[in-house]
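Trainee: I am new to this structure and would like to know what the terms rest on.
Mentor: Then ask about each term in turn.

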2 protein chains.
Amino acid sequence: MKKTRVLIAGFGNVGRGVLAAIGNNPDMELAGIISRSPERVAREVSGVPILKYDDVAGFLGLLADVAILCGGSKDDLPKQGPWMAQYMNTVDSFDNHSRVPEYFHAMDEAASKGSHVSIISTGWDPGIFSLERTLGGAFLPGSRAYGFYGLGPKGGLSMGHSDALRTIPGVVDARQFTHAVPEALERVRRGENPSFQPGDMHTRECFVVVEPGADKAKIEATIKAMPGYFAPYKTVVNFISQEELNEKYKGFPHDGAVAAAGTTGKGNPARIEYRCVWGSNPEATGNVLVAHARAAARLFAEGRRGAFTILDIPPAYFSIYDREELLAHWI
Amino acid sequence: MKKTRVLIAGFGNVGRGVLAAIGNNPDMELAGIISRSPERVAREVSGVPILKYDDVAGFLGLLADVAILCGGSKDDLPKQGPWMAQYMNTVDSFDNHSRVPEYFHAMDEAASKGSHVSIISTGWDPGIFSLERTLGGAFLPGSRAYGFYGLGPKGGLSMGHSDALRTIPGVVDARQFTHAVPEALERVRRGENPSFQPGDMHTRECFVVVEPGADKAKIEATIKAMPGYFAPYKTVVNFISQEELNEKYKGFPHDGAVAAAGTTGKGNPARIEYRCVWGSNPEATGNVLVAHARAAARLFAEGRRGAFTILDIPPAYFSIYDREELLAHWI
């Protein structure tokens, strides 16, 4: 089996999740890691090249088949994505929903110009949940499909929103738990197809560690005003110590559901619900990203170029199995 | 909007479900119905041509863009599928899992020779559940994905198995309810990834109306020995009157789940579950088939030819929405 050589670009939680996922996929191989802090990465990973971004630009396409971009969506990916797409195939989890069209077109232009494949905005949401929403809408016409996060009592830890909190001056560390609004989910299950504002479906709970002497009132106001991330939601900000954060809010648990309900024919009820429950969101995201690296390599091999989302990819391309195996055992 | 003209081939329960679904999709248009009994169909449907198979062979490609084949998998589709694929694009719900590879290759040959697109084996299972199994396997490597039917107390009515019962000499009418084995589903949810035989996951309950004087023992033995359909399962056969069947077991309720569970990284639990609950299985199947007719027309328009399964189709092709709408509101 010719292995797909994967470069990890950015080695935070998602990068670690991708590293773990590569080890679970026998057709995948770690080719190297690119980081702003190669010394830090070298303390965790050995046996592969660990490089800085600027060192390797001209050689990226030689180093690996696909780069999985694990930077943040707010500051990293808008620049790093199009830059990397010049040099090689990429997969990323750009998760700022309101800016997806703009990011898609920037990546499509860069990847087309560089003659590469770039799969954008994949992982859980956007990603699998985007797929399940779209299928729900297609298979239950007239219904709408809704994504809910954090159905359990603890809620789900959002990495994108936690990253966004950490970009605020004065914030040392932070974690954001998303909670589904139970009444909203019940309305969807009953087939009401309500017109929600984002803030009707979820609330956001932030646990924030700040620098000594930081202006907490200003930080709280900055958080609550962040467009896209927090402004539309009922947001609770809790300032706590690093110790309390580490102890009570550790790990990356996550759960969610995509739900769609409506009727068929003359009023027969119809409901679809897709659920996932994760002990570790970044490891699960890593699994999804690695499956997309497999798809990117296949799209590239068949001559496709430009940007893609999960909606543009034949699902068989995510599977390690070939057509005959899928026909015999998975259909 | 240029509408996709759909021909319904075979007008039983699924054909009626497709008819209802076409009415709910503004980009779809009924072009006609082909039936062995056009007189019977004409009592239900007016305003479109209702034709016999032999009448129309040469004209099929003119009549419509896509035919949705609604015949049974046991006797109808193995002949009807390749015959139709010579003349036009087709979508079908061939559901005899063990014969899918053979049917795929027959359809691929016929559709390629006729220069058409044939999407096979879609609906719920095979179909969406095939997709969800494959995604579960791809995104949770090392885990296995399992399809369960009939999680509710009444079980789920299987149309394919009911059709199979009705082919047995002496059987006047019949309905088959599938029941999930609860302990099997719990084992999957716990991440055990057990090696099930089909009979470990489901039991089959048959309600059968026979001709006066029929040999019930022989019919029961025939049912229990049917390869693929009943032989591998614990099967209960109940002989009842037509009145009791009509009264107690009417309608086409259906529910099920695809479940996959395993671990990520160093033992973090991970679980995916896809559920659907239908008041009417054939209407839900009709919705899925019509979405695939949309995909077939798009594949054909871009020059693709031959046989496809749901695993070969970019999910965006099922949606009525265009790329910009999907990027803006569904990713």
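**Strand 12 and its partners**

Mentor: In this predicted model, ten of the eleven residues of strand 12 (residues 254-264) of chain B are buried, so strand 12 is largely enclosed by the rest of the structure. Local features need pLDDT of at least 70, side-chain atom pairs count only at pLDDT 80 or more, and totals for chains, interfaces and linings use all residues. Residues are numbered from 1 along each chain as its sequence is written, chains are lettered from A and ligands numbered from 1 in the order in which they are written, and side-chain values use heavy atoms, with hydrogens and water left out.

Trainee: What makes strand 12 of chain B largely enclosed?
Mentor: Buried means under 20% relative accessible area (1.4 Å probe, protein chains only). Ten of the eleven residues of strand 12 of chain B are buried, so the word fits.

Trainee: How do you know that strand 7 (residues 145-149) of chain B is joined to strand 12 of chain B?
Mentor: Two strands pair if DSSP finds at least two bridges between them. Here five bridges join the two, which run antiparallel. Tyr149(B) stands opposite Gly256(B) in strand 12.

Trainee: Which bridges join strand 12 of chain B to strand 13 (residues 268-278) of chain B?
Mentor: Eleven bridges join these antiparallel strands, and Thr263(B) stands opposite Pro269(B) in strand 13. Their hairpin has three residues between the strands, and Gly265(B) takes a positive phi near 50° there.

Technical notes
Buried < 20%, exposed > 50% of the residue type's maximum accessible area, 1.4 Å probe, protein only. Helix = DSSP H or I, 4+ residues; strand = E, 2+ residues; numbered from the N terminus.
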